[in-house]
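Thanks for sharing this one with me. Here are my notes, in the order in which I would walk through them with you at the bench.

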Amino acid sequence: MNDTDLRTMVTVADARARARLADDLVRAAADRDGLIDVAVGTVASPIGELYVAVTPKGLACVGFDDQDRVALAERFAEGLSPRVVASARATDDVRRQLDEYFGGARRRFEVTVDHRLMSPFVREVMAQTAKVPYGEVSTYGAVAAAIRHPDAARAVGAALGSNPIPIVLPCHRIVGASGKLTGYAGGLHRKEFLLRLEGDPTLFHG
Amino acid sequence: MGTRTPPPFERFLDVHGPSVLGFLVGAVGRDHADDAYQETFLSALRAYPRVRDDGRLDRWILRIASRTAIDHHRARARRAEPRATVPDRPLAGPEPPDDALLAAVAALPPKQRAAVVLRHLLDRPYPEIAEILGSTEEAARANVRAGLATLRERV
């Protein structure tokens, strides 16, 4: 009887592989028992895999594939709840709607939104942004004026850049006064893709 | 101690899953390890919103696992099932374990079994084993000593 004998009972690699299978049992039971506060999941899209987070209050986050998911999950833990667990079921509706949007079959998202990852100002800016319909654009200045902060175009830009729920809350539809795309937290190539998908409205703007 | 929010539960599973499963395979046997694993992490998830990360979450989850293991043996005893004298299914893998050893470990009293597994499978130092089992360090040492003595006799 020595250490080596005992360790052969479970090799490290074996435990790791088995644990990954057992994790799925834990996730399923957590879902069944209502113990998931932040359900996370992924969905493929033409602008890269999206990482979504859904709480009982609604959709809290859509992350792009070049965002650090460990950091995002930590933000959920801090700002929502540490009970962050992968769940295909709880994220299914949002993932399906995103699929339909990218397939051109959906122009409006029918989801409730969990605003807890936004400051009051960001929330206000996003509420205004959400009024811009599919296929149209507005400007930073117009959003600033609409929320009665006409001089705050720059702050509006920063607020849009911190939007935790891009695509669904359509910050990509806000462009510069000249009609230039100017900026997008997910990268200008994504903003351009989304606007093209919606019919390239910048062509007709101004 | 620190009072940080614990890591996202997915990360917690990822980090601690393998050692918890390793412990449970030793402490309740392969056939019951998956159930005990699920029970352990569900208990943790229930308590998780109130947990603060003080840098000792590894011991916290092993404490839950050892309680789960000991409860498992108590429940089996109540149901008057014969204690495993036949080894759990042998491991699939490059290094098949010694059936006699597995059987001998399975036949140890639950607390000795947990202590032996923590010391010799997970390499935990005695102060941590004591913390996990909720005993004194001396009691942890005594449990390991007694368990090993029995194993030496039987194997």
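The points below take up a helix of chain B, then a sheet of chain A, then a place where the chains come together.

1. A word before we start: this is a predicted model, so please read every value here as computed from that prediction.

2. Let's begin with helix α3 of chain B, which runs over residues 57-78. Its 22 residues should span 32 Å because each adds 1.5 Å, and the end C-alpha atoms, 31 Å apart, agree with that.

3. Which residues of α3(B) are buried? They are Ile61(B), Leu62(B), Ala65(B), Ser66(B), Thr68(B), Ala69(B) and His72(B). Around the axis they take up an arc of only 160°, so they sit on the same side of α3(B).

4. Those buried residues have several packing partners within chain B: α1 (9-28), α2 (30-47), α5 (110-120) and α6 (126-133). On the face of α3(B) turned away from the buried side you will find Arg74(B), Ala75(B), Ala77(B) and Arg78(B), which are exposed.

5. Now to chain A, where four strands make an open sheet with mixed pairing, ordered β3-β2-β1-β4. At the edges are β3 (58-63) and β4 (84-86) of chain A, each with pairing on one side only. From one strand to the next, the twist averages 30°.

6. Within that sheet, β1 of chain A (residues 38-43) pairs with β4(A) in the parallel sense, over three bridges. For a spot to look at, try Val38(A), which stands opposite Val84(A) of β4(A).

7. Finally, the two chains together: α1(B) lies across β1 and β4 of chain A, and α1(B) runs at about 75° to β4(A).

Conventions
Residues are numbered from 1 along each chain as its sequence is written. Chains are lettered from A and ligands numbered from 1 in the order in which they are written. This is a predicted model: local features need pLDDT of at least 70, side-chain atom pairs count only at pLDDT 80 or more; totals for chains, interfaces and linings use all residues. The expected span of a helix is 1.5 Å times one less than its number of residues. A residue is buried if 20 or more other C-beta atoms lie within 10 Å of its own, exposed if 12 or fewer, and partly exposed in between; C-beta atoms are placed from the backbone. The arc is that of the directions from the helix axis to the C-beta atoms. Two residues are in contact if their C-beta atoms, placed from the backbone, lie within 7 Å. Two strands pair if DSSP finds at least two bridges between them. Axes are lines fitted to C-alpha atoms, for helices over the stretch in contact, and angles run from 0 to 180 degrees between N-to-C directions.
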